[in-house]
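This briefing goes through selected features of one protein model. Please keep the sequence and the structure in view while reading.

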Amino acid sequence: MFPQKKQYDVIIVGAGLSGLAAAVSAREQKLDVLVLEKGRSLGGNGNYVEGAMGVDSYLQKEQQIKISKQELLQDELNYSHYEANAPHLKQLIDKSGAMIDWLRDLGVKFAKVGPQGDSWPTIHTFEGGGHAAVTKLYDLAVAAGAEIITSTRAEKLLTADGAITGLVISNQSTGQQRELQTKNVLLATGGYVDNPELVNKRTPLSNRLLAVSNGKATGDGLKMAWATGAEHYQMGAIQYGGGAIYDKVNPPYVHMASQLAAAATQEAILWVNERGERFVNEDVNDNMCHAGSAILTQSRVFSILDQAAVDHLTEVGLYKEVGNSPISPDTFAALKQELDHDLQAGSRYLTKADTLADLAKQLNLPALQGTIDQYNRLVAAGADTDFGKKAAYLTPVTTGPFYAVELGVGMACALGGIRVDNDNQVLNSYGYPLPGLYAVGNDAAGMLVGDTYAVTLPGSTAGYAIFSGRNAILNIATTN
């Protein structure tokens, strides 16, 4: 299927959270808008987000949550080692509350607002999750007259005298191409987490990374912008989801709701490396990106659980809340069934042994027994003098059988690659705009981070997706 017309005020490439927010905004501004989606489904990774970041929103005011915008800005600049663009980040912080209020006025519903793990209380959790928010924006855009077509890829930007004049598109089913005319193209293609070549440029450890994505974020917007003269800007950050079950057979999404995965990564018991040595304070998982970085410092990582821990998590309760999630269960009621299922299936990421000696032998972990002896001494003393884990989470490893779960690192998204100004216009290597070309969402979110995703500012990916899509359209409306 091809678009109904040959010319539009603005063409949006990508129908994820940022693209749909831009489409709604475009119709509010009476712009003739086309949204192109290369896949057959809409929403992109926006379907899986939990909520959007906001400061000074209606919900925070109702709950008397007060955040100093200046303090928050300074904290996030420090967190990024000042690689974040201060004016761009300040703009997001200053206007994010109004963006949340705009969503509320559109009918997007929020369940709550607060922190996520060790963070600022900024995430506004969507009622029904990201899919509900995406569906609402799609319905609003279509009802307002936006044209949205699927299975259609943007192939090439067309320019004349340095300005955007149109776009070459292709039908994914037939391969046929068409040229469309427009003065404004908005790139909202979701970043590059599903492009192994680009991920490898960001980190040499890509073989241990597992993309928890819809598979469509292949850097299309970045490549089109670069080919048109955009600066090859910093690739920003990969949003690590902390540890993840290192399954070489099944795709990562299989384990997204796994209680075994949560027990191995979130419950702060014991992580060891390829030699069986402890290498970090397991409370690092309170910041999922730091946890991911720590895991990647080792060649292999195993999470060790004993039967006493399994029994406690299943029947009594969790040692700590599941961090980086808006919902934490009271118990892992399905944990034992998952262990039995995975063991019967011969899953190579899971190893069980009656004794520590046997576990060490099966996995070739020569230091494991000594590590656990030392760890149990720390537990008995009530103080982790090795790495500083909080005393409340010092859990002994004493009761067989014992389990080892191999961990990799999940990737939720990748941010950056395109430099933009405060109107979200794409800039060339001299810092000047490419007239008519805009980048939003993860394509431009490298402006907000350093080498680590700002998990301290929860909801920032989704918040920036919505804010930047709307921000670009408001600029287009005032300049065209």
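The points below cover strands and their pairing, one loop residue, a cavity and a pocket.

The model is predicted. One part of it is an open sheet of four strands, with mixed pairing. One cavity of 30 Å³ or more is counted, and the second largest pocket has a volume of about 430 Å³.

**The four-stranded open sheet**

- The strand order in this sheet is 1-10-9-8, and the pairing is mixed.
- Strand 1 (7–8) and strand 8 (152–160) are the edge strands; each has a single partner strand, so one side of each has no neighbour in the sheet.
- Strand 1 runs parallel to strand 10 (residues 177–182), and two bridges join them.
- Gln-7 has Gln-181 of strand 10 as its bridge partner.
- As background, the strands of a sheet pair through backbone hydrogen bonds, in either a parallel or an antiparallel way.

**Strand 2 and its partners**

- Strand 2 (residues 10–13) sends Val-10 and Ile-12 one way and Ile-11 and Val-13 the other way.
- Are these residues of strand 2 buried or exposed? All of Val-10, Ile-11, Ile-12 and Val-13 are buried.
- Four bridges pair strand 2 with strand 3 (residues 33–36) in the parallel sense.
- Within strand 3, Leu-36 stands opposite Val-13.
- Between strand 2 and strand 3 the chain passes through helix 1 (residues 17–28), and this β-α-β crossover is right-handed.
- Strand 2 is also joined to strand 11 (residues 185–187), by three bridges, and the two run parallel.
- Leu-186 in strand 11 is the bridge partner of Ile-12, a residue that is buried.

**Asn-281**

- Asn-281 sits in the loop between strand 14 (271–273) and helix 9 (288–295).
- Why does Asn-281 count as buried? Its relative accessibility is 18%, and buried means under 20%.
- From the loop, the side chain of Asn-281 reaches the backbone nitrogen of Asp-283 at 2.8 Å.

**The largest cavity**

- The largest cavity holds about 100 Å³ of space.
- It is lined by 14 residues, and Leu-448, Val-449, Ala-454, Ser-460 and Thr-461 are the closest to its centre.
- Helix 4 (86–106) and helix 14 (460–479) each contribute at least two lining residues to the largest cavity.
- Which helix gives the most to this lining? Helix 14 does, with three residues.
- By residue class, the lining of the largest cavity has ten nonpolar, three polar and one charged.

**The second largest pocket**

- The volume of the second largest pocket is about 430 Å³.
- Its lining has 21 residues, and those nearest the centre are Tyr-246, Asp-247, Ser-347, Arg-348 and Tyr-349.
- At least two lining residues of the second largest pocket come from each of helix 11 (335–344) and helix 12 (356–363).
- Helix 11 has the largest share of this lining, with three residues.
- The lining of the second largest pocket divides into six nonpolar, eight polar and seven charged residues.

How values were computed:
Residues numbered from 1 in each chain as written. Predicted model: local features only at pLDDT ≥ 70, side-chain atom pairs only at ≥ 80, totals over all residues. Heavy atoms only, no water. Pairing = 2+ DSSP bridges. 1 Å grid on protein atoms, 1.4 Å probe; cavity = no way out; pocket = protein on both sides within 12 Å on 5 of 7 lines; lining within 4 Å. Points joined across faces, edges and corners; volume = space filled by probe spheres on them. Nonpolar A, V, L, I, M, F, W, Y, C, P; charged D, E, K, R; others polar. Buried < 20%, exposed > 50% of the residue type's maximum accessible area, 1.4 Å probe, protein only. Right-handed = clockwise from strand over helix to strand, strands pointing away. Polar contact = N/O pair within 3.5 Å; in protein donor to acceptor, adjacent residues only side chain to side chain.
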